[in-house]
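Me: I want to go through this model term by term. Each label should be set against its cut-off.

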Amino acid sequence: MVVGRVDGTFRASARSVAFVIRVQNKQTLLFTTQRSGSTPIFILLAEYFRQTSAATGLGEFFSTSVGSYDLVNGKINALRHFDIDSGVLRPYIHGNRKTMTGVRLQRYEMLEKAEGNYFFKFFSDQLLSTHEKWLQEKYTWLFLERKNLFEQCLSYLIMSLTKEYYRQNEKRLKPGIFKARKADFDYFAGLIWNYQLYKLKVKPKQIIYYEDFCTLHRTDFLSGIGLDTKVDLSQIKVTVPPEGPEKQELFTNLKEIKLWYQKSFLNNLSPL
C-alpha cells in the first residue's frame, strides 16, 4: 500500500517513492496555490510516474515550514517532513521574509548542483524572480487549480486561522466559530493573482482541475490530462479529504467575506 504524505514524498514498504515527468527532455514541476487540492493529485501522479519513469520526489521543496533537505554526494535528501497524522503545521524555520528567501535560494542551488532528476511542487508565492527563467528552461510546468475559487478561499481562511492543513480525526467543527481576517483574504487574492500571471507567461497547454479529480475515475482523470492509463493503481490509496460541515457555516462574517470576494478580481475568474 502506498501512503501519501502532505509534502509529496511517499512511503511504500519503508522506502520512498520517486518519480518524474519527462517531456521534451525536461523535468516537470507542479505549480499551484495553497488549498488547491494538490496533495491527493500529487499522490496519484507520484505512483503513476513511479511506475513509468524513476526520479526523486521532493514534495513542497520550497516550503520553509514543511521539511528540510541536504545535498550529499550529488543527491538531494529529505530530512524532515510535515506530520500528516496530526495535520498540524509545525514550522521548522521561523523568520522574516529575508530568512525565507535565503532558504529558498539555498534550495535552488541544490537543484542546480544535484545529479539526477527531481520532481516537486511549489506555490505562487515561492517563486523567486532570479530563478524564473532557469525553471522555465529546465522544467515543464503542470498547472493545477480549482474551478470554485470561493470554496478554495474559504479553505485558505480556515487554514490561516487553525494552522491545520488537514483534519485527520472525526471531530467536527462547530458552525460560527471563525471570523475571517481581511489580511488573510488579501494574501489569498495575491496568491491567485501571481498564479494567473505565471499562467500567462508560461502558457501551459493544459490545466489540471481539482474538481475533475474529485468526480472522475482515476484512470479517466489520468487519460484526461494526456497520461497513459496502462498502470497498476490497485495499491495506491488516494482519497479526497472529507469536507465536514459546509465551510460557509463556520464563519460569523460570511456576508463580509462574500463582499470582499465580489469586489475583487476573483469574482471575474470564478463568479460567486
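Me: Which residues does Leu71 touch, not counting residues up to four places away in sequence?
Reply: This is a predicted model. In it, Leu71 touches Ile76, Met110, Lys113 and Ala114. Contact here means heavy atoms within 4.5 Å.

Me: Where is Leu71, and why is Leu71 called partly exposed?
Reply: Leu71 sits in strand β6. Its relative accessible area is 31%. Buried means under 20% and exposed means over 50%, with partly exposed in between. The value of 31% lies in between, so Leu71 is partly exposed.

Me: How far apart are Leu71 and Leu111 in sequence and in space?
Reply: They are 40 residues apart in sequence. From C-alpha to C-alpha, Leu71 and Leu111 are 9.1 Å apart.

Me: What makes Pro40 count as buried?
Reply: Its relative accessibility is 4%. The cut-off for buried is under 20%. Pro40 therefore counts as buried. Pro40 lies in helix α1, residues 38-52.

Me: How far is Pro40 from Val238, in sequence and in space?
Reply: The two are 198 residues apart in sequence. In space, Pro40 and Val238 are 5.9 Å apart, C-alpha to C-alpha.

Me: How do you know whether Ser63 is buried or exposed?
Reply: Take the relative accessibility, which is 5% for Ser63. Buried means under 20%, so Ser63 counts as buried. Ser63 belongs to the loop between β5 (56-59) and β6 (68-72). Leaving aside neighbours within four places in sequence, Ser63 is in contact with Arg107, Phe123 and Gln126.

Me: What is notable about the phi of Arg35, and where does Arg35 sit?
Reply: Arg35 has a positive phi of about 70°, although it is not a glycine. Arg35 is placed in the loop between β4 (27-32) and α1.

Me: Why does Arg35 count as buried?
Reply: Arg35 has 18% relative accessibility. That value is under 20%, so Arg35 counts as buried.

Me: Which phi does Lys203 take, and where is Lys203 found?
Reply: The phi of Lys203 is near 55°, a positive value in a residue other than glycine. Lys203 is found in the loop between α5 and β10 (207-209), just after α5.

Me: What makes Lys203 exposed?
Reply: Its relative accessible area is 62%. Exposed means over 50%, so Lys203 is exposed.

Me: How do you know how the span of α5 compares with the expected span?
Reply: Helix α5 (residues 182-202) has 21 residues. From first C-alpha to last, α5 reaches 30 Å. That is close to the 30 Å expected at 1.5 Å a residue.

Me: Which residues of α5 are buried?
Reply: They are Asp184, Phe185, Phe188, Ala189, Leu191, Ile192, Tyr195, Tyr198 and Lys199.

Me: Why are α4 and α5 called oblique to each other?
Reply: Their axes cross at roughly 130° and come within 10 Å. Angles over 145 degrees count as roughly antiparallel, and 65 to 115 as roughly perpendicular. Roughly 130° fits neither range, so α4 and α5 are oblique. The crossing of α4 and α5 is right-handed. Leu149, Gln152, Cys153, Tyr156, Leu157 and Ser160 of α4 make this contact with Asp184, Phe185, Tyr187, Phe188, Leu191 and Ile192 of α5. By class, there are nine nonpolar, two polar and one charged residues in the contact of α4 with α5.

Me: What makes α4 and α8 oblique?
Reply: Helix α4 (residues 149-162) packs with helix α8 (residues 254-262) at about 125°. Their axes are 12 Å apart. Roughly perpendicular stops at 115 degrees and roughly antiparallel needs over 145. The angle of about 125° falls outside both, so α4 and α8 are oblique. The crossing of α4 and α8 is right-handed.

Me: Which residues of α4 and α8 meet, and how do they divide by class?
Reply: Leu149, Phe150, Leu154 and Leu157 in α4 meet Leu254, Ile257, Lys258 and Tyr261 in α8. The residues of this contact divide into seven nonpolar, no polar and one charged.

Me: How many helices and strands does the protein have, and what share of its residues is buried?
Reply: The protein has nine helices and ten strands. Buried residues make up 50% of its 272 residues.

Key: Residues are numbered from 1 along each chain as its sequence is written. This is a predicted model: local features need pLDDT of at least 70, side-chain atom pairs count only at pLDDT 80 or more; totals for chains, interfaces and linings use all residues. Side-chain values use heavy atoms; hydrogens and water are left out. Axes are lines fitted to C-alpha atoms, for helices over the stretch in contact, and angles run from 0 to 180 degrees between N-to-C directions. Helices (H or I, at least four residues) and strands (E, at least two) are DSSP runs, numbered from the N terminus. Angles under 35 degrees count as roughly parallel, over 145 as roughly antiparallel, 65 to 115 as roughly perpendicular and the rest as oblique. A crossing is left-handed if the near helix is turned anticlockwise from the far one by less than a right angle, and right-handed if clockwise. Ala, Val, Leu, Ile, Met, Phe, Trp, Tyr, Cys and Pro count as nonpolar, Asp, Glu, Lys and Arg as charged, and the others, Gly among them, as polar. The expected span of a helix is 1.5 Å times one less than its number of residues. Buried means under 20% relative accessible area, exposed over 50%, partly exposed in between (1.4 Å probe, protein chains only).
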